[in-house]
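Please work through the following exercises with the sequence and the model side by side, writing down each step before reading its solution.

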Amino acid sequence: MKIAITRPVSPALDHCELSFLPRNPIDIRLAVTQHDAYQKALKTCDCTVQVLPMEPELADSVFVEDTAIVLDEVAVITHPGAVSRRAEVDSVAAMVGKYRELVRITSPATLDGGDVLRLGRTLYVGISARSSRSGIEQLSRLLTRFDYQVKAVPLHGCLHLKTAVTQVALDLLLINPEWIDASQFAGMRALHVVQSEPHAANALMIGDKVIYPESHPRTHEQLIRHGIEVISVDMSETEKAEGGVTCCSLIFDA
């Protein structure tokens with residue numbers, strides 16, 4: 001059984017942190033409706049959805065992925081790069097702690113879960129404005145006893161590693177080559193996003209299905225041509241907050 005931890009959209013989402021996108025009005029009511037549909041998509045992928053309490057004062061709190069990295073043996077509670085997001089961590093830790101031993105990234109190091117892509121026993125971690133080299137070094141030390149390898153990877157032009165690359169099949173990555181070099185991921189094939197859809201690399205693979213946003217139809221077509229079963233969701237409002245389909249859940253085996 002897979003667990004998917006989510007959190008409701010905050011009514012303060014309009015005041016989210018932004019780094020690479022201009023600020024545009026967010027329709028909170030529509031965001032809530034879309035998030036409900038996203039949670040239904042998770043259930044379609046045989047996930048048991050565990051919903052955290054709403055945090056109405058924490059604008060970015062729907063993006064639970066950034067607060068933890070849940071592995072088979074342990075969960076790493078992060079120290080987010082944005083100061084405004086650090087109050088999100090404790091409630092996530094309380095929920096995740098029901099399923100895993102917890103370890104923590106500590107200040108002054110920073111790490112966002114959106115910068116971490118797990119491929120087998122290797123965790124690729126983006127060096128970004130939100131995840132520091134010291135945070136990546138801490139992660140490596142914390143996971144040494146569990147036999148995980150941690151590799152730092154440079155990226156540019158986007159917020160998180162998983163803005164630029166995600167896994168969509170056993171040996172296939174969906175990637176924006178303008179933001180990251182595919183050769184860093186040994187043994188994996190690369191499917192490039194359509195150039196006119198630069199934010200199209202964020203996909204959520206669960207088993208043999210991929211949850212994918214409606215906003216990138218041409219890249220969606222490419223996924224279909226590669227034989228991938230795609231579940232489409234409309235994420236237009238959280239996308240305005242630099243969020244994607246991976247950001248809104250923490251998924252792991254119970």
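## Exercise 1: Pockets

E15 provides the largest share of the lining of the largest pocket, namely four residues. The model is a predicted one.

Task: describe the largest pocket by its volume, its central residues and the strands that line it.

Solution. Begin with the volume, since the largest pocket holds about 800 Å³ of space. Among its 27 lining residues, those closest to the centre are Val 70, Arg 118, Lys 162, Met 205 and Ile 251. Next, assign the lining to strands: E3 (68-70), E6 (116-119), E9, E12 (204-206) and E15 (250-253) each supply at least two residues. Finally, sort the lining of the largest pocket by class, which gives 13 nonpolar, seven polar and seven charged residues.

Task: give the volume of the second largest pocket, and state which residues lie closest to its centre.

Solution. The second largest pocket contains about 380 Å³ of space. Its lining comprises 25 residues, of which Leu 21, His 199, Glu 239, Glu 242 and Gly 243 are the closest to the centre. Sorted by class, the lining of the second largest pocket has nine nonpolar, eleven polar and five charged residues.

## Exercise 2: The cavity

Task: state how many cavities of 30 Å³ or more are counted, and characterise the lining of the largest cavity.

Solution. The count gives one cavity of 30 Å³ or more, and the volume of the largest cavity is about 80 Å³. Its lining is made up of Glu 17, Asp 60, Phe 63, Asp 66, Arg 85, Arg 130, Leu 159, His 160, Ala 241, Glu 242, Gly 243 and Cys 247. Grouping the residues that line the largest cavity by class yields six charged, four nonpolar and two polar.

## Exercise 3: Strands E9, E10 and E11

Task: work out how E10 pairs with E9 and with E11, and in which sense each pair runs.

Solution. Take E9 (residues 165-169) to start with: E9 and E10 run antiparallel and are joined by four bridges. Individual partners can then be located, for Val 165 is bridged to Ile 175 of E10, while Thr 166 has Leu 174 of E10 as its bridge partner. With two residues between them, E9 and E10 form a hairpin. Turning to E11 (residues 189-192), the pairing with E10 is parallel and spans four bridges, and here Leu 172 has Arg 189 of E11 as its partner.

Task: decide which residues cover each side of E10, and whether E9 is enclosed or open.

Solution. In a regular strand, side chains alternate between the two faces of the sheet. In E10 (residues 172-175), Leu 172 and Leu 174 lie on one side and Leu 173 and Ile 175 on the other, and all of them are buried, so both faces are covered. As for E9, four of its five residues are buried, and the strand is therefore largely enclosed by the rest of the structure.

## Exercise 4: Cysteines

Task: count the disulfides, and explain why Cys 158 forms no bond with the closest cysteine sulfur.

Solution. The count of disulfides is zero. Cys 16 is in none, as the nearest cysteine sulfur, that of Cys 247, is 12 Å away. For Cys 158, the closest cysteine sulfur is also in Cys 247 and lies 11 Å away, which is too far for a bond, because a disulfide requires two sulfur atoms within 2.5 Å. Turning to accessibility, Cys 16 counts as buried at 2% relative accessibility, and Cys 158 is buried with a relative accessible area of 5%.

## Exercise 5: An aromatic pair

Task: classify the pair formed by Tyr 99 and Phe 252, and place both residues in the chain.

Solution. A search of the whole structure finds two aromatic pairs. In one of them, Tyr 99 and Phe 252 are 5.4 Å apart centre to centre with 65° between the planes, an edge-to-face arrangement. The pair links distant parts of the chain, with Tyr 99 in the loop between H2 (89-96) and E5 (101-104) and Phe 252 in E15, 153 residues apart. To complete the description, Tyr 99 is partly exposed with a relative accessible area of 27%, whereas Phe 252 is buried with a relative accessible area of 4%.

How values were computed
Residues are numbered from 1 along each chain as its sequence is written. This is a predicted model: local features need pLDDT of at least 70, side-chain atom pairs count only at pLDDT 80 or more; totals for chains, interfaces and linings use all residues. Side-chain values use heavy atoms; hydrogens and water are left out. On a 1 Å grid over the protein atoms alone, a cavity is a set of points where a 1.4 Å probe fits but cannot get out, and a pocket is an open set with protein on both sides within 12 Å along at least five of seven lines; lining residues have an atom within 4 Å of a point. Grid points are joined across faces, edges and corners, and a volume is the space filled by probe spheres set on the points. Ala, Val, Leu, Ile, Met, Phe, Trp, Tyr, Cys and Pro count as nonpolar, Asp, Glu, Lys and Arg as charged, and the others, Gly among them, as polar. Buried means under 20% relative accessible area, exposed over 50%, partly exposed in between (1.4 Å probe, protein chains only). Two strands pair if DSSP finds at least two bridges between them. Rings of Phe, Tyr and Trp (its six-membered ring) pair if their centres lie within 6.5 Å; planes under 30 degrees apart count as stacked, over 60 as edge-to-face and the rest as tilted.
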